[in-house]
Amino acid sequence: MSTPAGSADTNLPQTGPSAFDERRPPERELLDDCVHCGFCLPTCPTYQLWGEEMDSPRGRIYLMDLAEKGEIELPGPFTEHIDRCLGCMACVTACPSGVQYDRLLESVRPQIERNVPRERNDAWFRNAIFALFPYKRRLRAAAVPGALYQRLRKVPAVAKLAGKLPGRLGAMESLLPPVSVREAFARLPVHTPAVGERRARVALLSGCVQDVFFHRVNAATVRVLAAEGCDVLVPREQQCCGALELHAGREDSALARAKREIAVYEKLDVDHVVTNVAGCGSSMKEYGHLLADDPEWAERAAAFSKRVRDVHEVLAELGPRAPRHPFRGRVAYHDACHLGHAQQVRSQPREVLRSIPDLELVDLPEAALCCGSAGIYNMIMPEAAAELGARKAGNVRSVAPDLVVTANPGCLLQIGKHLGQDLPLLHPVQLLDASIRGVPVPRS
């Protein structure tokens, strides 16, 4: 059994007060579960990039252990190494000891956000992200100048100037999705009836970025669910589910959003609350855990989380009913981390895709390794994200697909950025929707 290089005995008695505050610090039992075996190392993106022990899951757990014992403070190297973590949870899948790194990271990031002052530029940039992305109306307003900018960017001088934007600004600019004002302001029907005999009644989370910039994915999701016998409700009162903020450690605002969403959906008589975004689904399935110590919300949150399903889970459980038209092509499937690792939903998307006649489905090399999107990671850590994105694009090209599919908007943008215009990238439901309707497969 190995331990982090240069580390001391982690069983030393606590030498001072914990560096963590009393609000949901990492649990000692969870910290002690890690035996530092190293099985996590090959799947950890940052360890693969840098080979630095403290940028591996077991190294970060060691830092958490030291902070819990009061042997190190949160500002400084501790925050630096935790910030570098993508939160992809590949280590959770790889760990033979069942270490709940997801729970540990979920408890530590809020500690940093509450107790460690950010440098002015860093704080400004993060605040700007969270002043925009969780708000659908603000995103729609931003779509108008965004669409104009994308037209201007076709001018060589503008494109050259955009290519010189530094660091985080350049990363943000390069990840701007194709903007359609018409799509940004489109609305899904509140109720779409099942085609034929009803097999289920579901409510769809339309999302924030998803609904404004990937509305076509939501529209395809509604059509597919209806074609497979689902009544689909899309409540107008829904807002952001809090996933981006939760994954970044902004716990108070994330939990406030969780409560608001629970209140909206618990009034609906549905079998499932369906999401087509990996990050949103993983957070919503965790509401019961996140609010377990809240007497007013614990039971309601647990009941809500039990009803949350990824769209592929629902489709696989129902089984195909609508006739499919063939797709003669080679399709590469990328496991979004918060679907494969966080939700453990791997077989269902593949099962759904294989229901399309003549489709050849291929997996990617290094499938467990994150593409570098990871919520806001590719905006706040652009250099590391770029290395991972280029690596993922290389793995995609190595299997020579005709089409790439993945179930998360961040992954679509990140992989698309590094693939360029070489290959179409879609959400799996878009491909299934085209097959059911017998229409040409869209390019995006």
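Helices here are DSSP runs of H or I with at least four residues, numbered from the N terminus. All the views below come from a predicted model.

**View 1. A greasy patch on the surface, with Val181 in it.** Here Val144, Val181 and Phe185 make up a nonpolar patch, and together they offer about 230 Å² of accessible area. Val181 sits in helix α11, which covers residues 181-184. Its relative accessibility is 32%, so Val181 counts as partly exposed.

**View 2. Inside the largest nonpolar core.** This core has 86 residues, and the ones touching the most other members are Leu225 and Leu431. Helix α13 (residues 215-227) supplies seven residues, the largest share of this core. Another core lies apart from it, with 27 residues, including Cys40, Ile61, Leu63 and Cys95.

**View 3. Zooming in on Leu431 and its contacts.** Which residues does Leu431 touch, leaving aside neighbours within four places in sequence? They are Phe327, Val331, Leu353, Ile356, Leu359, Leu403, Val405 and Val441.

**View 4. Helix α24, mostly under cover.** Look at residues 409-419: of the 11 residues in this helix, 10 are buried. Among them are Pro409, Cys411, Leu413, Gln414 and His418. So what does the covering? For the buried residues of α24, the cover includes the helices α12 (209-213), α22 (377-380) and α23 (382-398). Strands join in as well, including β6 (329-334), β8 (403-406) and β9 (425-426).

**View 5. Just past the end of α24, at Gly420.** Follow the chain out of the helix and you come to Gly420, which has a positive phi of about 70°.

Methods
Residues are numbered from 1 along each chain as its sequence is written. This is a predicted model: local features need pLDDT of at least 70, side-chain atom pairs count only at pLDDT 80 or more; totals for chains, interfaces and linings use all residues. Side-chain values use heavy atoms; hydrogens and water are left out. A nonpolar core is a set of buried Ala, Val, Leu, Ile, Met, Phe, Trp, Tyr and Cys residues joined through side-chain atoms within 4.5 Å. Buried means under 20% relative accessible area, exposed over 50%, partly exposed in between (1.4 Å probe, protein chains only). Helices (H or I, at least four residues) and strands (E, at least two) are DSSP runs, numbered from the N terminus. Contact means heavy atoms within 4.5 Å. Patches are made of residues with over 30% relative accessible area and no salt bridge: like charges are joined within 9 Å, nonpolar side chains (Val, Leu, Ile, Met, Phe, Trp, Tyr) within 5 Å. Accessible areas come from the Shrake-Rupley method with a 1.4 Å probe; for residues, only the protein chains shown count as cover. A salt bridge is a side-chain nitrogen of Lys or Arg within 4 Å of a carboxyl oxygen of Asp or Glu.
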